[in-house]
Each structure stands twice: as C-alpha cells, then as structure tokens.
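Please open the model in your viewer and keep the selection panel at hand. The stops below go from the whole chain to its helices and their packing.

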Amino acid sequence: MTARMALLFRIVRRVAVLVVLGWALWWLLLDPKSPLPPEWHPATPLDVTADQTWLTGMKLRRAVSSDEACFAALATGAVFERLTPLDAGPQCGIAPRLLLQSVDGVPLSPVETTCMTALRVAMWQRHTLRPAAARLGTQITRLRHQGSYNCRSIRGDPTRMSTHATARAIDIRGVRLADGRAFELISGWDDTGEEGAFWREARDGACRWFATVLGPDFNAAHADHFHLQAVGWGLCR
C-alpha cells in the first residue's frame with residue numbers, strides 16, 4: 001500500500017467514525033425511542049417531578065417562554081385553574097392568569113398569579129423545600145404566602161411599578177410541617193438551629209429557580225417574607 005493510499009484509508013476511516021458517532025448522537029437526542037431518561041433528553045419538556053440535571057434550567061427557561069408550554073409543565077406538579085387574563089390598565093394585570101391551589105402536593109391558600117411565577121414556585125417546593133424538610137425528618141404540609149398580584153408601585157419608590165402589579169412575583173412567609181411545627185420567616189431567620197438552617201437553604205435554593213429573591217438580609221421591609229420574583233437580574237439577598 002502506497003503512502004497516499006494509506007493516508008486516504010485513514011481519512012475515510014475517521015470520517016466513517018465521525019458519521020457513526022454523529023448518527024448515534026442524533027438518535028440519542030432526537031429519536032422518540034432514545035434510551036435517554038426524559039430528564040436527560042433535551043427535547044423532552046420540563047416535568048416538575050423529574051430529577052434535576054444540567055438540562056433542567058434550560059427546560060425551565062423554554063417552558064416559561066410560551067404560555068402553553070408553561071401550563072403544560074405546571075400541570076406535572078401543581079393543581080390550578082386557568083382564568084381569563086386580567087387587564088387592569090397599562091401597568092397592571094395578570095396574563096396568563098391562573099388560580100394556584102397546590103404545588104408538589106402541598107396546598108396553599110388559592111392565589112391568583114401568572115404561570116411563570118407558579119411554575120417557579122412548584123420547582124422551588126419540589127427541589128428545594130421538599131429535600132430541606134426531609135433532612136429534618138418531616139414533610140411540608142402547607143405553604144403560607146402574602147399574595148402575588150397587587151397593583152402598586154415599589155415601596156419607597158412611587159415612580160416604579162412593583163412586579164406584583166403584573167403577578168410576576170409572590171411573597172412567601174412560612175411553612176407548616178407534618179410533625180406539627182410551623183416555621184415563620186420573621187421568627188426563624190435568626191435562629192441558630194435547624195429552623196434558621198432551613199430558611200437559609202430555602203433562600204439559597206430559591207435563587208436557583210427565581211430571577212430575583214429578596215429576604216431579611218435585603219432590608220427590613222422583607223423581614224417577614226421572601227419576595228420571589230420571576231424576572232430580574234439575578235439579585236439574591
């Protein structure tokens with residue numbers, strides 16, 4: 001075999017290997033019969049109950065990019081009722097609008113909010129609060145909130161509207177546990193034991209699921225609740 005033929009043979013072999021690898025990758029990622037678990041398949045929609053992977057954040061962003069995708073994802077981990085959009089003027093309203101009743105099997109007082117907010121609450125409960133409670137040997141039986149929609153400006157700045165004016169935020173103040181305990185942020189944040197550790201884990205986890213998280217470390221106005229915001233620039237305090 002001449003040197004030229006040997007070189008050509010090596011090139012053909014490498015091209016063949018690349019073609020086979022490319023086909024295998026295409027099959028794994030795009031074929032409906034792929035053996036990849038759904039949570040590892042980039043084309044599979046977000047499922048609130050699925051294990052977290054490095055694809056979960058991408059799937060969440062894709063889910064909240066359209067109303068129907070968001071509602072479909074939310075249905076995998078929440079109980080809610082779709083409502084007609086609320087138009088309350090140029091700066092206030094809820095669209096898409098829903099009445100959220102429970103997330104991850106945990107009830108809360110029914111609250112009107114947007115799908116993007118509700119979906120992020122569901123992810124937070126499933127992947128942050130649930131394991132945090134499990135480490136205490138218990139489960140969360142109720143989420144306590146202070147509402148989502150409120151047509152108002154930011155407190156202390158009447159020139160800027162709050163994200164509550166479009167229900168793109170929700171305020172969470174406490175949880176009830178299956179062992180009978182009630183954790184309240186206002187009394188538990190400075191606790192040096194397991195309740196304080198729970199609330200810090202809850203805050204840090206919320207920062208993975210929400211774009212903006214404000215709590216007692218931000219200012220006195222948030223001493224009794226976490227402000228969990230679906231949009232923003234990544235502030236986590």
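The tour that follows gives, at each stop, a selection to make and a description of what is there.

Before selecting anything, note that this is a predicted model, in which local features need pLDDT of at least 70 and side-chain atom pairs count only at pLDDT 80 or more, while totals for chains, interfaces and linings use all residues. Residues are numbered from 1 along each chain as its sequence is written, and side-chain values use heavy atoms, with hydrogens and water left out.

Begin with the whole chain, coloured by secondary structure: it comes to six helices and 12 strands, taken as DSSP runs (H or I of at least four residues for helices, E of at least two for strands) and numbered from the N terminus. Of its 237 residues, 42% count as buried, that is, under 20% relative accessible area with a 1.4 Å probe and protein chains only.

Next select Leu119, Trp124, Ile140, Leu143, Trp199 and Leu228, which have the most contacts inside the largest nonpolar core, a group of 44 residues. Such a core is a set of buried Ala, Val, Leu, Ile, Met, Phe, Trp, Tyr and Cys residues joined through side-chain atoms within 4.5 Å. Helix H4, residues 115–134, supplies the largest share of this core, 10 residues.

Now centre on Trp124 and show its surroundings: leaving aside residues up to four places away in sequence, Trp124 touches Leu129, Ile172, Ala202, Gly205, Ala206, Trp209, Phe210, Phe226 and Leu228, where contact means heavy atoms within 4.5 Å.

Moving to helix H6, select residues 194–209; among its buried residues are Phe198, Trp199, Ala202, Gly205, Ala206 and Trp209.

Return to H4 and add helix H3, residues 67–74: the two pack at an angle of about 30°, with their axes 9 Å apart, the axes being lines fitted to C-alpha atoms over the stretch in contact and the angles running from 0 to 180 degrees between N-to-C directions. H3 and H4 are therefore roughly parallel to each other, a term for angles under 35 degrees, just as those over 145 count as roughly antiparallel. Here Cys70, Phe71, Ala73 and Leu74 of H3 meet Cys115, Met116, Ala118, Leu119 and Ala122 of H4.

Finally, replace H3 with helix H2, residues 56–63, which packs with H4 at an angle of about 155°, the axes lying 10 Å apart. H2 and H4 are therefore roughly antiparallel to each other. Thr56, Leu60 and Ala63 of H2 make this contact with Leu119, Arg120 and Met123 of H4.

Key: Buried means under 20% relative accessible area, exposed over 50%, partly exposed in between (1.4 Å probe, protein chains only). The expected span of a helix is 1.5 Å times one less than its number of residues. Angles under 35 degrees count as roughly parallel, over 145 as roughly antiparallel, 65 to 115 as roughly perpendicular and the rest as oblique.
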